[in-house]
Each structure stands twice: as C-alpha cells, then as structure tokens.
Amino acid sequence: MDPDGPKSGEPIASTSGRLTPHSPTPGRALSGHASEASSLRHMYTQGTSGLRTPRTPGTLDEQAALLGRLDDIDLYGSIAQREPPPRPPLVRKNSNWAKVKYYVPSTAWIPEYSWSLLGGDLLAGLTVASMLIPQSVSYASSLAKLSPVTGLFSASIPGIVYALLGTSRQLNVAPEAALSLLVGQAVDEILHADPHSIPANPNAVSLAVATVITFQVGLITFLLGIFRLGFLDVVLSRALLRGFVTAVAIVIMVEQLIPMFGLTELEHTLNPQSTLDKFIFIVDNLFSHTHRITAIISFSALFALVLLRSFKGAFKRYWWIYRVPEVLVVVIISTMLSAEFRWDEDGVDVLGSVPINTDGHFVNFPLRRTTLRFLRRTTSTAVLISVVGFLDSIVAAKQNATRFGYSISPNRELVALGAGNIVASFVPGTLPAYGSITRSKVNGDVGGRTQMASLICSALVLLAIFFLLPWLYFLPKCVLGSIICLVVFSLLAEAPHDVKFYWRMRAWIDLLLMSLTFFFTLFWDVEVGIMVSLVISLLLVVHRSSRTRMTILGRIPGTDKWRSISEDAEAGEEVPGVLIVRIRENLDFANTAQLKERLRRLELYGHDKHHPSEEPHRQYANVLVFHMADVDSIDASAVQIFRELVETYKGRGVGLYITHLKGGPRESFELAGLADLLGERAFCRDVSSAMTLIEQSNVRERPL
C-alpha cells in the first residue's frame with residue numbers, strides 16, 4: 001500500500017480542495033471516482049484556471065507524478081498496490097569544478113551571463129572609463145612623477161585580472177591618489193638621496209622604483225590572501241583610515257597647488273621636502289613668481305569642474321544629465337582651447353608627446369638588475385600601500401555587496417588584487433592599483449551589475465593608450481592638477497561627518513587615533529603617520545583582547561535563575577563568601593595572562609569602578625564557582641595558567657567548583673591533571689547543583 005495515499009473507505013481530495021466522502025452505493029462510487037479521476041486528468045493536461053499546465057516551467061515532473069497517482073485509483077476509490085519505483089542513484093556534484101568556480105569566480109558568472117545585463121554594464125564601463133582615463137594620467141604625471149602612459153596601463157591590466165578573480169561585482173580596480181602619492185614620494189626620495197649627484201637617467205630610475213614597488217605590493221597582497229589573513233580589516237579602525245585619508249588629501253592639495261600656480265620650475269630649484277616646507281614655499285612665491293596664465297587656466301578648470309558636479313547633483317532625476325562625465329568634458333574643452341590659442345607658446349606646460357614604450361621593452365620581468373637594487377629601500381612603502389589599498393578596497397567591496405545583496409570573500413579579494421598588481425608589474429612603471437569607493441559607487445549607480453563593466457572599462461583604457469594620447473598633446477598639465485583637487489574635495493567631504501559622529505558618541509580614543517594619524521601624516525611623513533597609527537591600533541586591540549570578559553552572578557529571588565548583578569538589579573549574592581563568576585568567552589594565552597589579577601579585583605571591588613589605591617569594597621571569597629557555559633575552547637597556555645590559579649586558590653583554602661563545563665574544555669582539564677587536582681565532586685552540572693553542595697558543606701562544618 002502507498003503510505004501517502006488515502007485508504008479504502010476514506011475521503012479523497014476533489015479538484016476544489018474539499019474532501020468528498022465515499023458513497024455507500026457501489027455504482028455511484030464507480031461513476032463518481034472514475035469521472036473525478038478523468039476530470040483531474042483532463043484539467044492537468046488541458047489547463048484549468050488556478051492549476052499549472054505542462055507549459056508552466058518546472059512543473060512537468062509534478063504533473064507526471066500526479067497523473068501516475070490518478071492512474072492508480074481503482075474503480076472503488078482505493079489505491080492499487082504496486083511496487084514503489086526504484087530510487088535514482090545519488091549523483092555527486094563535480095567537486096573539482098566547484099573548486100574552480102570558487103577560486104576563479106569568472107568561470108561561474110561568464111557562462112551564465114545574461115544579455116539583459118549588457119546594457120547597464122556597457123553604460124557603466126563607458127562612464128567609469130571617462131572618469132578613469134584623465135584621472136590615471138593625472139595620478140601618473142602629477143603625483144607619481146611618471147609617464148602618463150604608466151597610469152593608463154595601471155588602470156587597465158589590474159582591472160582585467162581582478163574581473164576574472166574578484167568576488168565583488170561592482171569594484172573598479174585602478175590607481176588611487178593616496179597610493180600614487182606614496183609611489184611619487186619614494187621616487188623623489190631615491191632620486192634626491194644624494195644632493196651632490198643626479199642619476200644619469202632619472203626616467204629609468206623612476207620606472208624601476210615604481211615597478212619594484214608594484215611587484216612587492218602584489219606579492220604581499222597575494223600572500224595575505226593565500227594565508228587567509230583577510231580578517232586584518234577588522235584590526236584597523238575606521239578612525240585610523242579617516243585620519244590618514246584626510247591628511248593625505250591635504251598633502252595632495254599642497255602638491256597640486258605648485259603646478260596650478262606655475263611654480264614647478266622654481267620648486268625643482270629650491271627643492272622643498274616636507275608638506276609644511278612646500279606650503280611655506282607656495283606662500284612665499286605666490287605673488288612674486290606665479291605664472292598668471294597657468295593660474296587662470298587652473299582655477300577656471302577647477303571652477304568648471306565644481307560647477308558641473310553641482311549642476312549634475314541638482315538634476316539627479318535626469319539620467320542623461322547625471323551621467324555626463326564632467327572630468328572628460330573639461331579635459332576635451334581645455335585641450336581644444338590650448339591647441340587653438342597655443343597656450344604652450346605662452347609658457348603653459350602641456351602634456352606633449354607621450355611615448356608608449358616605457359623602458360625600451362613593452363614587457364619585462366619585474367625583478368631584474370635595474371630594479372633589484374631598489375628592492376630593500378622600497379619594501380616599507382610597499383607594505384604601507386598594501387595595507388591602505390586593501391582597507392580601501394574591502395570597504396568599497398562590502399558597501400556594494402550590502403547594497404546589491406551578495407557576499408564577498410576578503411581572502412579571495414586579496415588574491416585577486418595581488419594577482420592584478422603582479423601581472424601589471426611586468427609592464428615597466430605601472431602603479432599599484434586597488435579598489436575605489438567613489439568609482440565603484442558610480443559603477444553601481446549607472447547600471448554595472450557584473451565585472452563585465454570593468455572588462456569594458458579596461459578595454460576602453462587600453463584603446464586610449466594607442467589612439468587617444470596623441471589627441472591630448474596640448475592638454476595643460478595644470479588642468480590635471482585641477483582634476484586631482486576635485487578628487488581631494490571628495491576625500492575631505494566625509495571627514496566633518498566622522499568627527500561629529502565620534503564627538504557625539506564620546507569616542508575619545510577614536511578621535512585621538514584619528515588626530516594622531518592626521519598630524520603625523522601631515523607634519524612628519526605619510527609613512528610615519530600610518531605606521532604610528534597602526535602600532536597604536538594594534539596595541540589597543542591587544543589591550544582589549546587581553547581583558548577576560550567576566551561577570552559576577554546572583555540569584556533572582558524565588559527562582560533558580562542566575563543573572564549578572566551588574567545587568568539585573570533583582571539578582572543578588574545570597575551566600576556570604578561565595579563568589580560566582582561567569583567567564584563569557586573562550587580562553588587563550590592572550591586573555592588569561594591577567595586572569596588572576598582580574599579575579600582579585602572582582603573579589604575585592606566587584607564591578608565598581610575603582611582606583612588601585614582605594615580600600616577594598618568586599619572581602620576575599622571563601623568559595624569560588626566558575627560558570628563556564630560560554631567557554632567552547634581553551635588552549636594549552638590558558639589551561640596551564642588556569643592550573644596555576646587553581647593551585648593558588650587551593651593553597652589559600654578556597655573551595656572551587658566548575659559548572660556548565662563543555663566536552664572540549666573538560667578533556668583539556670583532564671589531560672592537564674586539573675580534574676584530579678580538583679576532584680570529581682568539583683564539577684557540577686549547573687550553578688544550583690554547586691550551591692547545594694556548598695550549603696551541605698556549610699551545614700557539616702557548623703559547630704554543634
């Protein structure tokens with residue numbers, strides 16, 4: 001008998017969903033069930049309102065199963081006996097192919113790519129490329145002190161590699177202003193290391209320094225992903241990143257004011273070093289040595305950029321206005337005006353001819369004799385770029401993942417970003433490339449839903465290298481400085497909001513960390529600023545993780561429930577001299593180092609805030625009960641420290657009980673000899689059982 005079908009004499013379901021009782025008349029039962037079965041079969045084959053038809057996708061198997069059941073109904077309404085169909089064999093999915101799709105995400109989304117997404121991805125690729133081309137030229141020439149073509153290669157090759165390996169669907173990978181500035185500072189430091197000698201070929205030195213930095217950045221980032229260190233983004237706080245970005249924005253602005261006022265040649269002569277020196281240099285020479293035409297062009301371009309961006313913001317409802325690339329518009333207009341009025345003859349510095357061959361060869365192995373001599377001197381810069389670049393990228397990736405409802409893997413992101421930079425370093429002079437919060441947001445806003453948008457964007461940038469650069473011969477370099485200043489405004493825009501938020505939340509440590517990062521970066525050095533902040537941030541993490549989270553438990557009157565006395569006012573310690581401590585986290589070598597001192601403070605001061613010089617508020621405990629329900633694991637160092645603690649308390653004559661101990665920690669205690677040291681009686685199922693034993697011991701010890 002089919003266990004799921006109705007038994008003889010029981011009602012069966014009609015087409016309307018109601019149960020129809022069997023008629024006692026055989027003839028009526030015969031005609032009723034036969035017609036009912038044929039009616040059901042007719043409706044499922046011909047289609048009836050409210051019922052699925054064979055044309056409905058995904059319902060054929062269900063219909064076939066139902067028709068088979070109807071065929072099994074005999075003339076008297078019972079289910080005919082027949083052998084159950086054999087189960088199909090279990091088919092295991094190809095685990096190797098699943099792993100390929102995990103490690104190379106493009107093998108999952110490219111075969112299933114829907115042409116309906118192409119329109120949005122194409123528009124997103126065009127929009128981001130129109131922003132990225134002038135930005136990359138600006139970063140390479142104005143910040144990194146390299147050929148503009150290196151910026152374009154950096155904006156295309158890493159993006160292609162990331163599109164194949166990355167897990168974010170909207171992240172756009174290309175050079176960033178802050179990271180390009182770090183490369184430029186490393187190049188300047190090496191070029192001017194000896195003030196009495198100038199390298200015979202400064203351009204070759206600059207390309208070698210940038211190449212070895214990009215290779216190291218890629219290798220460091222790749223290894224961080226391989227060793228699954230993607231959790232490092234939780235170690236560094238948002239305040240640290242905000243302080244660094246704000247300071248770098250001001251550093252970049254000061255750097256760009258020099259070409260915008262036409263003071264580049266004078267800067268090469270006087271060679272100011274720090275940001276403060278450069279600011280003083282600008283103030284001293286602003287009125288006496290400013291090139292008037294250059295300044296007019298620079299600030300007119302900056303005004304036009306700000307005006308166009310504000311105009312776009314006011315017309316967000318109209319997509320054809322909101323998606324106009326203001327940067328590309330200003331670049332085209334300024335280039336045309338420069339060619340028409342020959343500003344280069346009036347002393348305005350223009351982009352000029354840009355050779356495509358970066359170092360005599362189009363592709364070179366990054367580690368060779370000309371680059372290896374700079375390897376050791378650039379490692380600290382590479383580490384710094386890797387940390388800052390990954391943080392910026394993971395923030396952008398997580399924002400878009402949350403916005404569009406999918407998940408990302410920080411470890412896979414590290415691998416993809418590292419691989420992109422390693423591949424890019426084979427082209428001499430390429431800059432480190434990471435994800436951008438701004439460009440990734442624009443990518444999603446205009447319709448980018450897969451990494452096809454990045455592939456399109458990278459293809460357009462590659463085309464620009466070979467076909468667009470000759471058309472930018474007359475582009476004034478001061479306009480590139482104006483473009484970077486517009487980026488600076490975006491970097492500075494969120495700083496006041498974060499400062500107000502931390503102030504309102506009274507997050508003084510975050511404000512202090514943000515301020516230290518800002519001032520060290522601005523007035524000392526970018527590397528010093530971020531390194532000091534990293535050390536402080538790591539120390540804060542270690543300090544917080546070293547404090548074992550514990551609380552004192554008390555009984556709720558009239559019940560067997562136990563709550564923290566600091567969280568529930570009704571909970572009270574009812575037995576004098578008995579301290580019940582709940583350990584609220586796993587125990588390891590970090591948080592058990594100060595366990596003895598923390599327990600001493602709980603004994604003498606409870607949860608009250610106190611100064612070590614104050615007199616104790618409580619007496620030492622006679623009995624100590626450890627509530628360990630929250631302890632899932634305990635490492636060897638923690639067990640060793642806990643054993644020493646138990647021996648200390650037993651030496652004082654303090655009774656010890658352990659409750660809610662799980663299997664893993666119990667096994668560790670047995671291996672360490674703690675079970676024998678405490679005795680089986682000390683291990684209780686719950687706090688109530690331990691309190692019962694304590695009360696019985698007190699009764700036995702009372703004098704008669």
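# Exercises on helix packing and loops

**Exercise 1.** How do the axes of helix α17 (residues 375-404) and α18 run relative to each other, and which residues meet?

*Solution.* Start with the axes: α17 and α18 come within 11 Å of each other and cross at roughly 125°. Now classify that angle: over 145 would count as roughly antiparallel, and 65 to 115 as roughly perpendicular, so α17 is oblique to α18. For the hand, α17 passes α18 in a right-handed crossing. Next, list who touches whom. From α17 come Phe390, Ser393, Ile394 and Ala397, and they meet Pro410, Glu413, Leu414 and Leu417 in α18. Sort those contact residues by type and you get six nonpolar, one polar and one charged. A quick reminder about spacing helps here: an α-helix has 3.6 residues a turn, so residues three or four places apart point the same way.

This is a predicted model, by the way, so keep that in mind throughout.

**Exercise 2.** Stay with α18: what is its reach from first C-alpha to last, and how many of its residues are buried?

*Solution.* Take the length to begin with. Helix α18 covers residues 410-424, which is 15 residues. From its first C-alpha to its last it reaches 21 Å, close to the 21 Å expected at 1.5 Å a residue. Then check burial, with under 20% relative accessible area as the cut-off. On that count 13 of the 15 residues in α18 are buried, leaving the helix mostly covered.

**Exercise 3.** Repeat the packing analysis for helix α15 (residues 326-341) and helix α21 (residues 477-493).

*Solution.* Axes again: those of α15 and α21 come within 11 Å and cross at roughly 165°. That makes α15 roughly antiparallel to α21. The crossing in which α15 passes α21 is right-handed. On the α15 side, the contact uses Glu326, Val327, Val330, Val331 and Ser334, while α21 supplies Val479, Ile483 and Leu486. By type, the residues of this contact split into six nonpolar, one polar and one charged.

**Exercise 4.** Which residues of helix α25 (residues 595-605) are buried, and what covers them?

*Solution.* First pick out the buried positions in α25: Leu595, Arg598, Leu599, Leu602, Glu603, Leu604 and Tyr605. Then look for the cover, which includes the strands β5 (550-555), β7 (578-583) and β8 (623-627), along with helix α26 (636-651). Finally, step past the end of the helix: α25 is followed by Gly606, which has a positive phi near 65°.

**Exercise 5.** Where do Lys145 and His660 lie, and are they buried or partly exposed?

*Solution.* Begin with Lys145. Lys145 isn't a glycine, yet its phi is positive, about 60°. You'll find Lys145 in the loop between α5 (118-143) and α6 (148-154). Its relative accessible area is 35%, so Lys145 is partly exposed.

Now His660. Here too a residue that isn't a glycine has a positive phi, about 55° for His660. The loop that holds His660 runs between β9 (655-659) and α27 (663-671). With a relative accessibility of 27%, His660 counts as partly exposed.

**Exercise 6.** Zoom out: how many helices and strands does the protein chain have, and what share of its residues counts as buried?

*Solution.* Count the elements and you get 29 helices and 10 strands. For burial, 46% of the 704 residues count as buried. As a last step, take the contacts with a separation of 6 or more: residues 24 or more positions apart account for 76% of them.

Definitions and conventions. Residues are numbered from 1 along each chain as its sequence is written. This is a predicted model: local features need pLDDT of at least 70, side-chain atom pairs count only at pLDDT 80 or more; totals for chains, interfaces and linings use all residues. Side-chain values use heavy atoms; hydrogens and water are left out. Axes are lines fitted to C-alpha atoms, for helices over the stretch in contact, and angles run from 0 to 180 degrees between N-to-C directions. Helices (H or I, at least four residues) and strands (E, at least two) are DSSP runs, numbered from the N terminus. Angles under 35 degrees count as roughly parallel, over 145 as roughly antiparallel, 65 to 115 as roughly perpendicular and the rest as oblique. A crossing is left-handed if the near helix is turned anticlockwise from the far one by less than a right angle, and right-handed if clockwise. Contact means heavy atoms within 4.5 Å. Ala, Val, Leu, Ile, Met, Phe, Trp, Tyr, Cys and Pro count as nonpolar, Asp, Glu, Lys and Arg as charged, and the others, Gly among them, as polar. The expected span of a helix is 1.5 Å times one less than its number of residues. Buried means under 20% relative accessible area, exposed over 50%, partly exposed in between (1.4 Å probe, protein chains only).
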